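Dear colleague,

I am handing over the structure we spoke about, and below it you will find an account of what turned up in it. Please read the text with the model open beside you.

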Amino acid sequence: MRGNVHLTFLSTAEITFLTENPKYGTQLTMAGSGNTLNFHNDSRYEFDRMFVSAYDGGGGSNNVVNQHAGNVTANGLWLGTYTLDFSQNTSQYNLYGGSFAVNAMRIQTDDTTITTMGRGEANIYGGMFTANSLTGGQSVSGGVTYRGDIDIHLSEKSVAGFGTFGVTGNSSYKGNVTVSVDAPILTLSPDVVGKNLVHFAGDVDTNMQLTTNSSLISISDDRKTARLDASKDVTPVDGYVVGGSLSFAEAVTGGYLRIEPSDDPYTMLLTTTEFANEEAIDAFADWLNANVENYSVTPAGLDGLQIETFTTGSGSVFLWDFSDYTSGNVGVWGISTRHVPEPHTWILALLGIILYWGKFYAKKRVYAG
């Protein structure tokens, strides 16, 4: 891929990558700039080496791999821009679903003999990303040090709402590893509870920075693991089912609730810190709606928010984090839910009413005659 090439493998595609050079095996090379490769296929893809970007073809930047499904394996992954101008867009590997496993992963580089590899970024929104070894993470250009980025997102961009990143061997990575909560309100798969979102099994470089933007994430003292903080779990000991309600002794700025499976959609009411006036709670609701994709939030008085509509499923984890709201401190005092009939239930009820009134007026006409 030599620049501005966009390939998408859909679910019905059958793709075979041939080995051009037996010395290196199957190779994916994204040279030049502005290339995009999308995996939507559930198949298995095997590579010896993957270069995103590559030094040949005049260097490269802003090359992106988006994996939504399937199983991709590689012996080596080189991720970063090949250019002296590090201000250009990063090259990215974005995992939304499926799995990616690599033996040796290098993101940017700390090798002083390679002065043109920088600005690499891996984003994990869903699925499982694993590497046996991880190196690089730091590069220098014009006297400025640029750090690589590996971001694990709790997000609405994938079905599960979260992805995992793990290194099974040693890591000499000097970049940033960040666990981000991308929205103030999220619903995640129940599998997220107790799972390591980040896990380093071997030794880690003392320069690596494992951080989070949310108090809901707990990072171990040795900087090797990150997961949801168990102390933020507000679920009752006997569980929580739709139709129930909870109240807290004090306002909770951020927490999460494990909700049992529901056969019908439901809405949720959050009892919050009371706002001074309608303008204040309207502004907070507007902030939520601007940062949440899947739900509509409306004020319910000065101390409540109505959230619609949660779908049926195999259970979920409702998560909120209002710490980024700079106009005031907003906490949750209580949570309640109620079922909402499915659309077909409303239709049947409406037809029943129409049928009833039709028979009623028919009888009146008979009596009148």
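A residue is called buried here if its relative accessible area is under 20%, exposed if that area is over 50%, and partly exposed in between. Lys 174, with a relative accessible area of 18%, is therefore buried. Please keep in mind throughout that this is a predicted model.

To begin with the chain as a whole, it holds 2 helices and 32 strands, and buried residues account for 46% of its 369 residues. Of the contacts between residues at least 6 apart in sequence, 78% join residues that are at least 24 apart. The chain exposes about 17800 Å², and 50% of this is supplied by carbon and sulfur atoms.

Strand S14, which covers residues 127-136, is a convenient place to start looking at the strands, since several pairings meet there. With strand S11 (residues 99-107) it pairs in the parallel sense over 8 bridges, and in this pairing Ala 104 stands opposite Ser 133 of S14. S14 also runs parallel to strand S18 (residues 163-167), to which 5 bridges join it, and here Met 128 has Thr 164 of S18 opposite. With S19, S14 is again parallel, this time through 3 bridges, and Gly 136 has Tyr 173 in S19 as its bridge partner.

Turning to the interior, the largest nonpolar core has 51 residues, and the ones that touch the most other members are Met 105, Ile 150 and Leu 154. There is also a second, separate core of 30 residues, which includes Ile 259, Tyr 266, Ile 307 and Phe 310. If residues up to four places away in sequence are left aside, Leu 154 touches a list of residues that includes Phe 162, Val 179, Val 181, Leu 197, Ile 217, Leu 228 and Leu 319, and among them are also Gly 161, Ser 180 and Asp 182.

A search of the whole structure gives 4 salt bridges, and three of the pairs are described here. The side chains of Asp 205 and Lys 174 meet in one of them, at 3.3 Å from N to O. This pair links distant parts of the chain, 31 residues apart: Asp 205 lies in the loop between strand S22 (198-200) and strand S23 (209-212), whereas Lys 174 lies in the loop between strand S19 (171-173) and strand S20 (176-181). Lys 174 is buried, as said above, and Asp 205, at 14% relative accessibility, counts as buried too.

In another salt bridge, the side chains of Asp 48 and Arg 49 meet at 3.8 Å, N to O. Are these two residues buried or partly exposed? Asp 48 counts as partly exposed because its relative accessibility is 22%, while Arg 49 is buried, with a relative accessible area of 19%. Glu 46 and Arg 44 form a further salt bridge through their side chains, at 2.9 Å from N to O.

Finally, there is Ser 262, whose place is in the loop between strand S27 (254-259) and strand S28 (266-272). Although it sits in a loop, Ser 262 is buried, with a relative accessible area of 7%, and its side chain reaches the backbone oxygen of Asp 264 at 2.6 Å.

With kind regards

Note on methods: Residues are numbered from 1 along each chain as its sequence is written. This is a predicted model: local features need pLDDT of at least 70, side-chain atom pairs count only at pLDDT 80 or more; totals for chains, interfaces and linings use all residues. Side-chain values use heavy atoms; hydrogens and water are left out. Helices (H or I, at least four residues) and strands (E, at least two) are DSSP runs, numbered from the N terminus. Buried means under 20% relative accessible area, exposed over 50%, partly exposed in between (1.4 Å probe, protein chains only). A polar contact is a pair of N or O atoms within 3.5 Å; within protein, one must be able to donate a hydrogen and the other to accept it, and residues adjacent in sequence count only if both atoms are side-chain atoms. A nonpolar core is a set of buried Ala, Val, Leu, Ile, Met, Phe, Trp, Tyr and Cys residues joined through side-chain atoms within 4.5 Å. Contact means heavy atoms within 4.5 Å. Accessible areas come from the Shrake-Rupley method with a 1.4 Å probe; for residues, only the protein chains shown count as cover. Two strands pair if DSSP finds at least two bridges between them.
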